[in-house]
Amino acid sequence: FGKSRPAPCVHDRHLSSLVPECNVAILGCRGSGKSALTVKFLTKRFISEYDPNLEDTYASEEVVDQQPVLMKVMDTADQLLRGCLDVLPSSASRYLNWANAFIVVYSINNRKSFENAQLEAPVLLIGNKLDMEQYRQVTKAEGISVATKYGTLFYEVSACQDFKSVQHVFHEAVREARRE
Ligand code: GDP
Ligand code: MG
């Protein structure tokens, strides 16, 4: 992360008492861009190199549809591929019990990451690395098809392109949690 790494969320009881909270867990294969998207959302910047083992939760006060919300974003970093949730409920429970919404990320230039994304039901399905169009392995239609199957929202974005579409994804997670 270097200098641009956002400060991890500490005890923010004083904040949480003021505004409703929304806990969002970012899941998906290693290398799909979970950290890049999280940091882009928090800092508007693309940082290309992260420690793949780093797992942190960040807090950000957001306004979604004119309503303030304290978003807590858990950028997960499981060693194991998705699909191990059944086998390792204890390890997964740290976010399964915590999150109000899940964003499942795959990269459009990595079919394996897409196949693994289908092993858990996302709240939002995100095809990342849209800038890698020339190396695309997963079509947009395939993403739409899986999203339809799960009844979830689906977007293709890039952590290294415009901030607005990345912010939109995170705000959609808040909207989904509010609908629950
Ligand atoms: P994580 O393991 O899911 O947290 O993935 P990272 O966020 O660490 O990203 C893995 C690699 O993909 C890094 O080298 C990033 O620079 C790169 N990356 C992440 N998002 C994008 C993107 O939108 N476009 C491109 N071209 N590379 C990306
Ligand atoms: Mg990461």
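This passage describes the fold of the chain, the surroundings of ligand 1 and a set of individual residues.

The model is predicted. The chain has 180 residues, and 49% of them count as buried. Its secondary structure consists of six helices and six strands. Read from the N terminus, the elements follow the order α-β-α-β-β-α-β-α-β-α-β-α. Two strands, β2 and β3, thus follow one another in that order without a helix between them.

Ligand 1 was examined next. The space that ligand 1 takes is the largest pocket. Around the ligand stand 19 residues. Those that come nearest are Gly-31, Lys-34, Ser-48, Asp-131 and Ala-159. By character, the shell divides into seven nonpolar, seven polar and five charged residues. Helix α2, residues 34-43, supplies the largest share of this shell, with three residues.

Polar atoms of the protein approach the ligand at several points, including Gly-33, Asp-131 and Ser-158. Gly-33 takes part through its backbone: a polar atom there is 3.0 Å from an oxygen atom of ligand 1. Asp-131 uses its side chain, with a polar atom lying 2.7 Å from a nitrogen atom of the ligand. Asp-131 is also among the residues that come nearest to ligand 1. Ser-158 likewise presents a polar side-chain atom, at 3.3 Å from an oxygen atom of ligand 1. Taken alone, the ligand exposes 570 Å², and the protein buries 84% of that area.

Ser-158 has a further partner within the protein. Its side chain reaches the backbone nitrogen of Cys-160 at 3.2 Å. Ser-158 sits in the loop that runs between β6 (153-156) and α6 (163-179). Despite this loop position, Ser-158 is buried, because its relative accessible area is 3% and the limit for a buried residue is under 20%.

The loop between β6 and α6 also holds Asp-162. The relative accessible area of Asp-162 is 44%, so this residue counts as partly exposed. Its side chain joins that of Ser-165 in a polar contact of 2.7 Å. Asp-162 and Arg-45 are 117 residues apart in sequence, yet their C-alpha atoms are 9.4 Å apart in space.

Helix α6 contains Glu-172. This charged residue is buried, since its relative accessible area is 9%. Across a sequence separation of 49 residues, the C-alpha atoms of Glu-172 and Val-123 are 9.6 Å apart.

Strands β4 and β2 provide further buried positions. Val-105 belongs to β4, residues 101-107. With a relative accessible area of 1%, Val-105 is buried. Val-105 and Ala-159 are 54 residues apart in sequence and 11 Å apart from C-alpha to C-alpha. Ala-159 is itself one of the residues that come nearest to ligand 1. In strand β2 lies Ser-60. Ser-60 has a relative accessibility of 15% and therefore counts as buried. A polar contact of 2.6 Å links its side chain to the side chain of Glu-62.

Two residues that are not glycines show a positive phi. One is Lys-44, with a phi of about 65 degrees. Lys-44 lies in the loop between α2 and β2 (56-64). Its relative accessible area is 56%, over the 50% limit, so Lys-44 is exposed. The other is Asp-65, with a phi of about 55 degrees. Asp-65 is found in the loop between β2 and β3 (67-75). At 38% relative accessibility, Asp-65 is partly exposed, because this value falls between the 20% and 50% limits.

Conventions
Residues are numbered from 1 along each chain as its sequence is written. Chains are lettered from A and ligands numbered from 1 in the order in which they are written. This is a predicted model: local features need pLDDT of at least 70, side-chain atom pairs count only at pLDDT 80 or more; totals for chains, interfaces and linings use all residues. Side-chain values use heavy atoms; hydrogens and water are left out. A residue is near a molecule or strand if one of its heavy atoms lies within 4 Å of it. A polar contact is a pair of N or O atoms within 3.5 Å; within protein, one must be able to donate a hydrogen and the other to accept it, and residues adjacent in sequence count only if both atoms are side-chain atoms. Accessible areas come from the Shrake-Rupley method with a 1.4 Å probe; for residues, only the protein chains shown count as cover. On a 1 Å grid over the protein atoms alone, a cavity is a set of points where a 1.4 Å probe fits but cannot get out, and a pocket is an open set with protein on both sides within 12 Å along at least five of seven lines; lining residues have an atom within 4 Å of a point. A molecule sits in a cavity or pocket if more than half of its atoms lie within 2 Å of its grid points. Helices (H or I, at least four residues) and strands (E, at least two) are DSSP runs, numbered from the N terminus. Buried means under 20% relative accessible area, exposed over 50%, partly exposed in between (1.4 Å probe, protein chains only).
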